[in-house]
Amino acid sequence: IIACHLLTAALENLPGKHPAEILDEVNAEFYSLFNNENGCGEQSFIRMALIAFNPHHPELEYAASLNPIYLTRQNTLEKLPADRFPVGPRFGGSQRAFTPQHIQLNHGDTVYLFSDGYAAQTGGRHNKKFNATRFRQLLLSIQDHPMPAQKRLLDEELKAWMGPVDEQTDDITVLGLNLYQY
């Protein structure tokens with residue numbers, strides 16, 4: 001809830017700013033709230049990715065904290081790198097600036113932003129995590145489907161993985177954007 005509020009405030013206060021600048025603002029506010037001499041908030045951090053896209057210019061601008069962004073293109077999946085530090089003072093670390101990133105987009109590319117919950121979901125025959133490799137393979141296998149079908153396929157795979165226990169162990173968010181599908 002706090003992160004959502006800080007992100008909304010940063011977007012309102014910094015119109016037209018780039019994703020890295022917005023993440024820097026959210027990070028600064030998060031530090032001011034949770035970083036103090038008493039160690040309060042040492043584990044208060046979030047993973048976050050932001051993108052900016054102009055439909056008239058085929059370039060994706062992004063910044064990411066801990067979670068990468070996936071890009072599927074012509075039957076391949078590219079892992080767009082994230083900075084390896086969180087938004088917030090994890091274990092008293094120092095505040096750092098986020099890296100502005102850019103990538104050219106092509107017709108048919110799909111960009112996926114996600115929480116770590118899908119890969120962390122336990123299930124299967126041996127009650128193991130779904131894991132990041134299996135998640136990437138799943139995204140690659142569904143990339144050519146329309147977005148509503150991709151949602152259905154992700155839901156079906158997750159339900160099958162959880163099996164009869166059907167208990168979600170973490171927050172799960174997957175956002176897929178086919179920027180040039182039509």
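Which residues of α5 are buried? The points below take up that helix and then other parts of the structure, which is a predicted model.

1. Helix α5 covers residues 147-162, and its 16 residues should span 22 Å at 1.5 Å a residue, which agrees with the 23 Å that separates its end C-alpha atoms. The residues of α5 that are buried are A149, Q150, L154, L158, W161 and M162. In general, residues three or four places apart in an α-helix point the same way, because the helix has 3.6 residues a turn.

2. As for the surroundings of this helix, the buried residues of α5 pack against the strands β6 (110-114), β7 (122-123), β8 (128-129) and β9 (174-178), and also against the helices α3 (117-120) and α4 (132-142). Just after α5 comes G163, which takes a positive phi of about 65°.

3. The largest nonpolar core holds 18 residues, of which L23, V26, F30, M48 and V87 touch the most other members. At least two residues of this core are supplied by each of α1 (2-13), α2 (19-34) and β1 (48-54), and the largest share, six residues, comes from α2. Another core, of 13 residues, lies apart from it and includes Y70, F130, F135 and L158; L158 is also one of the buried residues of α5.

4. Three strands form an open sheet in the order β1-β2-β5, and their pairing is antiparallel. Because β1 and β5 (101-104) stand at the edges with a single partner strand each, one side of each is left without a neighbour in the sheet. From one strand to the next, the twist averages 25°. Between β2 (residues 57-65) and β5, which run antiparallel, there are four bridges, and in β5 it is Q104 that serves as the bridge partner of E59.

5. A residue that deserves a separate look is D109, which lies in the loop between β5 and β6. Is D109 buried or exposed? With a relative accessible area of 3%, D109 falls under the 20% cut-off and is therefore buried. The side chain of D109 makes a polar contact, at 2.6 Å, with the side chain of R73, while a polar atom of the D109 side chain also lies 2.6 Å from the backbone nitrogen of N106. Leaving aside residues up to four places away in sequence, D109 touches L71, T72, R73, Q104, L177, N178 and L179; among these, Q104 is the residue of β5 that is the bridge partner of E59.

Methods
Residues are numbered from 1 along each chain as its sequence is written. This is a predicted model: local features need pLDDT of at least 70, side-chain atom pairs count only at pLDDT 80 or more; totals for chains, interfaces and linings use all residues. Side-chain values use heavy atoms; hydrogens and water are left out. A nonpolar core is a set of buried Ala, Val, Leu, Ile, Met, Phe, Trp, Tyr and Cys residues joined through side-chain atoms within 4.5 Å. Buried means under 20% relative accessible area, exposed over 50%, partly exposed in between (1.4 Å probe, protein chains only). The expected span of a helix is 1.5 Å times one less than its number of residues. Contact means heavy atoms within 4.5 Å. Two strands pair if DSSP finds at least two bridges between them. Axes are lines fitted to C-alpha atoms, for helices over the stretch in contact, and angles run from 0 to 180 degrees between N-to-C directions. A polar contact is a pair of N or O atoms within 3.5 Å; within protein, one must be able to donate a hydrogen and the other to accept it, and residues adjacent in sequence count only if both atoms are side-chain atoms.
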